[in-house]
Amino acid sequence: MKTERNNEEKLHVFARLGKYLAWTSCLFVVVMFSLVLALSGFHLPKGIYADKPNSPIQKNQIKPLKSRVPEPEYWRAPDTIQLQGKAYADLIIYGKNLIVRTAYYLGPEGIVGKLTNGMNCQNCHLDAGTRPFANNFSVFYAGFPKMSARSGRKEEAFERIAECFERSLNGKAPGRNSREMLAMLAYLKWVGKKQNAAHSIADNSVKKIPYLDVPADPLKGKMVYASKCSSCHGETGKGVASPDEKGYIYPPLWGRDSYNDGAGMFRLGNFAGFVKNNMPYGATYKDPNLTDAQAWDVAAFVNAQPRPHMDSKNDYKNLYTKPIDYPFGPYADSFSEEQHKYGPFIEVEKQHALLKQQK
Ligand code: HEC
Ligand code: HEC
């Protein structure tokens, strides 16, 4: 009797367990199915929920990874893939190659000409001039011809390119009508063409960083250099040559093969702004590595080292247009060359603005 009742009870328990298992596995299947749908990016047709923006389905949609979402306020360069099959593609791509591998084509051992110091345009115009706050070419072509404060006259686009050849690459530019110049112009025109009103943040050139209230200090900068830069750019600033000896893997920061003292990078504000948001290599404006003071100090150290000289006495003939961190006099204000080179810049800027107003 007793065992019979026990068996009956057991059967009952098994039946309940069975039911329970059936329900849980059903539930499991449903949950897994939705999870797979959600992960595979399946969306219910928009129309159904369009009038209910806060419906739970919309809320629970798995969001795409943040890094994949374009940031509308920053410029996004077109991709060269879009050039496939286009008639002018070859010229544009050659232009891009000249920006990326300048030394290979035009350096001391260049296969097309021997015009430059072995650096590449891309060394300072990162990612072929498409990276935010790394001297990108987003607004360049659309703005030319334009008045140049430095030369004091209206310039064509090719003349601005030539200036970087003569200063940053301490060399000579290919001729105005050479295939090389035309190719670079074609690339710069094409890459900047998406420039429009939606690009609300000016991310061309570099992000200026706040002024210090003391002069930038080359001695402190030397320590920053030793700990954060010399591993790539070398203890003597010479960089590391590429195995084919046509250029550099890590470009030089001073010495014979570096930019000359007429270059944009010789101005402390440009150097500090570039380095703060792009160096050590891998740092970005979103994830900088240096403090502002470290960026100013290392700029002071590097730009205190020897480098090729350029006669720039014809630059900024109109003194009121001279940038306050331009390290060669004469000036409209009363501050020394030393202070115009290393700062502090706050007072200089104030007086400069005042004089400009009174002019
Ligand atoms: C050593 C760094 C460096 C190198 C190398 C360099 N540039 Fe530049 N370039 C700059 C800086 C810095 C500026 C911005 C100058 C300023 O604001 O005074 C600039 C500005 C420009 C501009 C104007 C951009 C604009 O929006 O107005 C063009 C075009 C340009 N460079 C082209 C080139 C080309 C082409 C090469 C290679 C032949 C090159 N640069 C190599 C640092 C460099
Ligand atoms: C991990 C290696 C690495 C480190 C560390 C590094 N850089 Fe660079 N740096 C590069 C590379 C590579 C380039 C050229 C980028 C390109 O061509 O795309 C470059 C370019 C530059 C340029 C522009 C080109 C030139 O030669 O004038 C400057 C200026 C510069 N670095 C400064 C610094 C400073 C200052 C530091 C230390 C705070 C630093 N870098 C640390 C790898 C490095």
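This passage walks through the surroundings of two ligands, the nonpolar cores and a few unusual backbone spots in a predicted model.

A good place to start is ligand 1. Its shell holds 24 residues, and Cys121, Cys124, Cys164, Ser168 and Gly264 are the closest of them. Helix α7, which spans residues 157–166, provides the largest share of this shell, with 4 residues. By class, the surroundings of ligand 1 consist of 14 nonpolar residues, 9 polar ones and 1 charged residue. Ligand 1 lies between domain 2 (80–191) and domain 3 (218–358), because both domains give residues to its shell.

Ligand 2 can be described along the lines of ligand 1. Around ligand 2 there are 24 residues, of which Cys229, Cys232, Pro251, Pro280 and Tyr281 come nearest. Three helices, α10 (230–233), α11 and α12, each give two or more residues to this shell. The largest share comes from α10, which supplies 3 residues. The shell around ligand 2 is made up of 18 nonpolar, 5 polar and 1 charged residues. Domain 2 (80–191) and domain 3 (218–358) both contribute to the shell of ligand 2, so this ligand, too, lies between them.

Attention now turns to the nonpolar cores. The largest one contains 29 residues, and Val298 and Ala299 have the most contacts inside it. Two or more residues of this core come from each of α9 (218–228), α11 (268–278) and α12 (292–302). The biggest contribution is that of α12, with 7 residues. Seen by domain, this core takes at least three residues from domain 2 (80–191) and at least three from domain 3 (218–358).

Ala299 gives a closer view of how the largest core is put together. Leaving aside residues up to four places away in sequence, Ala299 touches Ala216, Gly221, Leu268, Phe271, Ala272 and Val275. Of these partners, Gly221 falls within the bounds of α9, while Leu268, Phe271, Ala272 and Val275 fall within those of α11. There is also a second, separate core, which has 27 residues and includes Met119, Phe158, Phe165 and Tyr187. Phe158 and Phe165 belong to the stretch covered by α7, the helix with the largest share of the shell around ligand 1.

Some details of the backbone round off the picture. Two peptide bonds that lead into a proline deserve a look. The bond from Phe144 to Pro145 is cis, with omega near 0 degrees, and Pro145 sits in the loop that runs between α6 (126–129) and β1 (146–148). The bond from Gly343 to Pro344 is likewise cis, again with omega near 0 degrees. Pro344 is placed in the loop between α13 (337–342) and α14 (346–358).

Positive phi values outside glycine form another topic. Asp127, a residue of helix α6, has a phi near 50 degrees, a positive value in a residue other than glycine. Because 13 other C-beta atoms lie within 10 Å, Asp127 counts as partly exposed. Tyr316 is not a glycine either, yet its phi is positive, at about 50 degrees. The position of Tyr316 is in the loop between α12 and α13. Tyr316 has 21 C-beta neighbours inside 10 Å and therefore counts as buried, since 20 or more are needed for that class.

Note on methods. Residues numbered from 1 in each chain as written. Chains lettered and ligands numbered in written order. Predicted model: local features only at pLDDT ≥ 70, side-chain atom pairs only at ≥ 80, totals over all residues. Near = placed C-beta within 6 Å. Nonpolar A, V, L, I, M, F, W, Y, C, P; charged D, E, K, R; others polar. Domains from an automatic or database assignment. Core = buried A, V, L, I, M, F, W, Y, C linked by C-beta atoms within 7 Å. Buried ≥ 20, exposed ≤ 12 C-beta atoms within 10 Å, placed from the backbone. Contact = placed C-beta atoms within 7 Å.
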